[in-house]
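Colleague: Please choose one strand in this structure and take me through it closely. Then set it against the helices, cores and charged pairs elsewhere in the chain.

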Amino acid sequence: MAYNEYDEIDHGDVNQVIFDFKGFLFKIVNLWKIVLLCIAAALVVAYLINVRKQSVYRLDSLISVENDQNPFFTANTSISFNWGGVSGKMGKTITTLKTRTHNELVVDSLQYYMDYLKQGKYRKLDIYKRAPFQVDLDLSKPQVLGQALGIRFVSANQYELFTEFTGSSARGQRYDTKDFVTVDTPIGLFVQTFTIGEKVDLPFFQGVIQVRKGRTIQPGSEYFIQFKNFDGVVNSYKNSIQVGSFNASSASVLKLSLAGTNKAKIVDYLNATARILSRTELERKNLYATNTINFIDSSLAAVDSSLKDFTQEMNDFRKKNKIFDVGVEMAEVSAKLKSYEAQKEAEQTKLNYLNSLENYLHTKSDYTNIAAPTSVGIEEGNILSSVSKITTLAIERKSLEYTTREESEIFKNIDRQIDAEKNVLLETIKSTVHTINGQLHVINRNIASMNAKLSSLPQEQQDFLKIQRKLDISQEAYNVYMKKRSEAAIVKAANISDISIVDEAKDIGGGRIGPNTSLNYMMALLLGFFVPITLIFIFFLLDNTIHGSDEVEHLSNIPILGLIGKYRYPNNLVVFEKPKSAVAESFRAIRSSLQFFYKNKLKNADAGGRTIMVTSSVSGEGKTFTSINLATVYALSGKKTILLGLDLRKPKIFDDFGLSNDLGIVNYIIGDSTFEEVVNHTHIDNLDLVLSGPIPPNPSELLMSDRMSSLIADLRQTYDMIVLDTPPLGLVTDALELVQHADASIFMIRLDYTKKGMLQLINAKHRAGEIKNVSFVLNFYRHKTNQNYGYGYGYGYGYGVYGNAYHQDDKKSFKKRVKALLKRI
């Protein structure tokens, strides 16, 4: 039955729960060296971490997000897409900067999937542009991943490529398609010499190593290159870059920041991400104009073809017919007819555009490729507005496809807006088509009227005027398209991105954010202190051994008779051989206490010698040591004393007196020998000794015999003091058989050894009356000023290996030594 610091202790009718907080504090003080050692070890670990960690830097740049409005063709048309104003555009820009697609463009442009390394003190360091060479990769060929390829310059124009492979194949990647490929590798060490500028064509590496401009090669210098998974690099930068508003007063300015170990790489990445963002934003912004130019180019091709055909037809006509003049009146009629035909051509072009637009709206889902209606002369405000809104929403939807799930409510909301605007546009197209068809009907009547007036002319003149009109109309149409294309190209060229760089990233010194050495040292101090404190608390909480007299007082009402200090000595005869020692003084104090006890407790008892029974809970607590020295201290005081070795199971007393255990109390009890034959007169005056003798098969029965009782009665008449060395009370019942003969019982407690549960055993037997007149003697006691838990001074003893009487192993195993160390903690 084990007890710990929170056990409920029963002192008769008093129940209480005890946690010895003061004892816990003194335990900490007692182990201050361990705490200090842990703190020192933690600080050493923190130092090693600090010196091995690379410095981490954070740099930033500023970009501006504007919402420019640029006219397209007319004041009523715009290709500027206002995505909810500047604030809405800020959100889209932040989202774009964190997209995988955008960061793929940045990583690809900087080739950050290839590292330039140099061996440092603790690791390979990323030297980036500080390498005196650069590698021009063949992007169409695979490069081995994760393998450091060494480059050792043997001269100013030659180098050795070296590495070591453990297998015949490895994983590679093509950086043009980003496909993974298995590459063949030579097993073992690979070394091959190349000339600078020579193309290296190996299964695991393809490229050309060039000297970086303005740099010189140092023969014997050694560097490394290493290729990484493209997607992994992109993902790391995508997660690392931070984007946020610069401050509240500059709502249109974003701050980009990035942390890393190489400041040059951070600077290049931040500036590249801003440039690529600005470029892609301009491309997206110019998408409407680009689509319009493409539409005009396709129309120009048809008009140009018609113009060439009509010119050739006019040339052919002139060759076959003579040149003649047409009358003024007929020329005016022909001019009017040309005007009507030009109007018809323009309206027909609008009609074709609207029919094409209607079909596009019905059959397509991507509305980013719609050309501007003004490119064909449509000035209907509702059509212009609807096309602009639909295109704006389509571009916004496309920009969100990389960062938003398809089932998102954002997409659903945009699709609802597009559908609503599309329905309005379809109705507007239907109405406009009806109007254009009416205009074409009127134009066709006018053309028929003019043709009737010209029918009176000779056929050659009619053909001439007809060809002339077609040629003029084609030329005018060509001129109009060319003009509109030039206007569109000018607007596109003059257009600027809504993203502009306010403050480029630059290494101006500083920017270091880690490692936080002070924090590491502080954490080391805290861990170095609290980890051992926590362990001490756990061991203290789980510890069920007795460490001090105050614990004994808490655990039992049985009085403490005396204290025996710790003293190193080769045998158990300390009182006789070291009479001036503190241990000898302790036994004299116990003798005095026993005298006081006898006078008060046994004053009405029968006259004769006094008996003292010495027992304990288990072996190893100093029972035999106490019996020998207590008998010695009485003998030295002039008392005729006898020491009976009644531990019949594992006798040990004979070793200290240099005697043989062949004859003893067992021989007397069974009648084989007389008392005179078994008693031994020791070299200590007034001290006789009876050993236990051979180990019997029935020790308890022998100790219960009448012969044993008669012997005690006879000894009372002969001796002043009779000391009974008995077996441990917690292991066998032999000691209980001897209680009836004891005037006083001493229960040994060895501090830092005896279990608290053992006191409950003696408490129970004391309450039950099985053992009377019992007192505690504390062995291995150390006198301290802090209630048995701090430092102090003291004395001790060595009494052989009594504990081995009941535990056969003489040598401590490693496990036992560890347990002993933990007990000390």
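Modeller: The answer starts with one strand and then widens out.

First, the ground rules. This is a predicted model, in which local features need pLDDT of at least 70, side-chain atom pairs count only at pLDDT 80 or more, and totals for chains, interfaces and linings use all residues. Residues are numbered from 1 along each chain as its sequence is written, and side-chain values use heavy atoms, with hydrogens and water left out.

The strand is β24, residues 641–645. Strands here are DSSP runs of E with at least two residues, helices are runs of H or I with at least four, and both are numbered from the N terminus. 5 of the 5 residues of β24 are buried, so the rest of the structure largely encloses the strand. Buried means under 20% relative accessible area, exposed means over 50%, and partly exposed lies in between (1.4 Å probe, protein chains only). In a regular strand the side chains alternate between the two faces of the sheet. Both faces of β24 are covered. T641, L643 and G645 are buried on one side, and I642 and L644 on the other.

β24 has two parallel partners to consider. Strands pair if DSSP finds at least two bridges between them. With β26 (residues 687–690), β24 shares 4 bridges. With β27 (residues 721–725), the count is 5. L644 is bridged to V690 in β26 and to L724 in β27.

I642 of this strand also belongs to a core. A nonpolar core is a set of buried Ala, Val, Leu, Ile, Met, Phe, Trp, Tyr and Cys residues joined through side-chain atoms within 4.5 Å. The largest one has 59 residues, and F133, L161 and F205 touch the most other members. Helix α6 gives that core its largest share, 8 residues. A second, separate core has 40 residues, including I642, L555, I669 and L711. Back in the largest core, L161 is in contact with F205, F190, F194 and L202, among others beyond four places in sequence. Contact means heavy atoms within 4.5 Å.

Now the helix that precedes β24 in numbering. α16 covers residues 623–636. Its 14 residues reach 20 Å from first C-alpha to last, close to the 20 Å expected. The expected span is 1.5 Å times one less than the number of residues. 13 of the 14 residues of α16 are buried. Just after α16, G638 takes a positive phi of about 100°.

A second helix gives a useful check. The 26 residues of α12 (residues 517–542) should span 38 Å, and the end C-alpha atoms are 37 Å apart, which agrees. Buried in α12 are N520, A524, G528, P532, I533, I536 and F540. The cover over these residues includes α1 (21–30) and α2 (32–52).

T754 is a loop residue worth a look. It sits between β28 (744–750) and α23 (756–767). At 0% relative accessibility, T754 counts as buried. Its side chain makes a polar contact with the side chain of E621 at 2.5 Å. Such a contact is a pair of N or O atoms within 3.5 Å; within protein, one must be able to donate a hydrogen and the other to accept it, and residues adjacent in sequence count only if both atoms are side-chain atoms. Beyond four places in sequence, T754 also touches N544, T545, I546, S617 and I749.

Last, the charges. There are 19 salt bridges (a side-chain nitrogen of Lys or Arg within 4 Å of a carboxyl oxygen of Asp or Glu). D115 and K265 form one at 3.2 Å, N to O. D115 is in β6 (residues 114–119) and K265 in α6 (residues 263–285), so the pair ties together parts 150 residues apart in sequence. D115 is buried at 9% relative accessibility, and K265 is buried at 6%. D115, D126, K228 and K265 are linked in a network of salt bridges. E770 pairs with K765 at 3.6 Å, N to O. There, E770 is partly exposed at 40%, whereas K765 is buried at 14%.

For the whole chain: 825 residues, 48% buried, with 24 helices and 31 strands.
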